[in-house]
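User: Please take a close look at one part of this model, the nonpolar patch on its surface. Set it in the context of the whole chain.

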Amino acid sequence: MALVECPSCNKRISSLAKECQHCHAKLSGNSDSLAKISHIKQSTRLMNHSFIALTLFIGGVVIWFWGGEPAEGVRAMVGGISFTLGFVGYMVTRIRIILHKRKSI
């Protein structure tokens, strides 16, 4: 008995298991298709994270420059935090997408 990765959730399970105890995927079928489906789900999840971070970035810029002049006070703080978190989140997510695309199925 050895530990192998589940083709669906990539967690370690027994090689004798009939289904994964983490995601409850049946292991008796075609594990190749489970791995491809898992890869596609992860790609979709990363693209959604990228979209949310980009929306936060744009929202920060809009808050900062709303009304035609640079923000002051609370509006400046909220705009700056949204801008910074959105930018950093977008960059981190894009790097994760690149690394995910390099990983073979």
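How much area does the protein expose, and what share of it do carbon and sulfur atoms supply? Which residues make the nonpolar surface patch?

Analyst: The model is a predicted one. The protein exposes about 7700 Å², and carbon and sulfur atoms supply 65% of that area.

Within this surface lies a nonpolar patch of about 560 Å². The residues that make the patch are Leu56, Val74, Met77, Val78, Ile81 and Leu85. Helix 2, which spans residues 74–102, gives the patch its largest share, with 5 residues.

Isoleucine 81, one of the patch residues, sits in helix 2. Its relative accessibility is 46%. Partly exposed covers the range between under 20% (buried) and over 50% (exposed), so isoleucine 81 counts as partly exposed.

The overall fold gives the setting. The protein has 2 helices and 2 strands, and from the N terminus the order of elements is β-β-α-α. The radius of gyration is 21 Å, whereas the globule rule gives 13 Å for 105 residues; the protein is therefore more spread out than a compact globule. Along the principal axes, the C-alpha atoms fill a box of roughly 65 × 25 × 15 Å.

Burial and contacts complete the picture. Of the 105 residues in the protein, 19% are buried. Taking contacts between residues at least 6 apart in sequence, 40% join residues at least 24 apart.

Terms used. Residues numbered from 1 in each chain as written. Predicted model: local features only at pLDDT ≥ 70, side-chain atom pairs only at ≥ 80, totals over all residues. Heavy atoms only, no water. Patch = residues over 30% accessible without salt bridge, like charges linked within 9 Å, V, L, I, M, F, W, Y side chains within 5 Å. Areas by Shrake-Rupley, 256 points an atom, 1.4 Å probe, with all protein chains shown as cover. Salt bridge = Lys/Arg side-chain N within 4 Å of Asp/Glu carboxyl O. Helix = DSSP H or I, 4+ residues; strand = E, 2+ residues; numbered from the N terminus. Buried < 20%, exposed > 50% of the residue type's maximum accessible area, 1.4 Å probe, protein only. Rg over C-alpha atoms; globule rule 2.2 N^0.38 Å. Contact = heavy atoms within 4.5 Å.
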